[in-house]
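Let's take a relaxed look at a small report on one protein model. Have the picture open while you read.

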Amino acid sequence: MNHLMLSAFFDNVNKNVGPVLMWVFFLLMLIELLYVMIKYADGAVDEKK
C-alpha cells in the first residue's frame, strides 16, 4: 500500500506540477511583457510633448 501511495504521488508531481509551472511562468511573462510595452509606450508619448 505504501508503494502504491508513493507511486501515485510521484505520478501526480511528475504529470501535474510541470504544466502548472509552465503556465504560471507563461502568464507572468505575458504580464511583464504588457507592463513593459505600456511603460515604454507611455514614455514615448510623454517624450514627444
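What percentage of the 49 residues of the protein count as buried? The figure is 0%. Keep in mind that this is a predicted model.

**The overall fold**

The secondary structure is quick to describe: one helix and zero strands. That helix, helix 1, covers residues 2-48. The protein exposes about 4,900 Å², and 74% of that area comes from carbon and sulfur atoms.

**A nonpolar patch**

Now look for a nonpolar patch of about 1,000 Å² on the surface. Its makers are M22, W23, F26, L27, M29, L30, L33, L34, M37 and I38. Let's check two of these residues.

| Residue | Relative accessibility | Class |
|---|---|---|
| L33 | 49% | partly exposed |
| F26 | 35% | partly exposed |

Why is L33 partly exposed rather than exposed? Its relative accessibility is 49%, and exposed means over 50%. F26, at 35%, is partly exposed too; buried would mean under 20%.

**The aromatic pair**

How many aromatic pairs turn up in a search of the whole structure? There is one. W23 and F26 form this pair, and it counts as edge-to-face because their ring planes sit at 85 degrees, with the ring centres 5.7 Å apart. For edge-to-face, the planes have to be over 60 degrees apart.

Where do the partners sit along helix 1? W23 and F26 are three residues apart there, so about one helical turn separates them. Both W23 and F26 also belong to the nonpolar patch.

Definitions and conventions. Residues are numbered from 1 along each chain as its sequence is written. This is a predicted model: local features need pLDDT of at least 70, side-chain atom pairs count only at pLDDT 80 or more; totals for chains, interfaces and linings use all residues. Side-chain values use heavy atoms; hydrogens and water are left out. Helices (H or I, at least four residues) and strands (E, at least two) are DSSP runs, numbered from the N terminus. Buried means under 20% relative accessible area, exposed over 50%, partly exposed in between (1.4 Å probe, protein chains only). Accessible areas come from the Shrake-Rupley method with a 1.4 Å probe; for residues, only the protein chains shown count as cover. Patches are made of residues with over 30% relative accessible area and no salt bridge: like charges are joined within 9 Å, nonpolar side chains (Val, Leu, Ile, Met, Phe, Trp, Tyr) within 5 Å. A salt bridge is a side-chain nitrogen of Lys or Arg within 4 Å of a carboxyl oxygen of Asp or Glu. Rings of Phe, Tyr and Trp (its six-membered ring) pair if their centres lie within 6.5 Å; planes under 30 degrees apart count as stacked, over 60 as edge-to-face and the rest as tilted.
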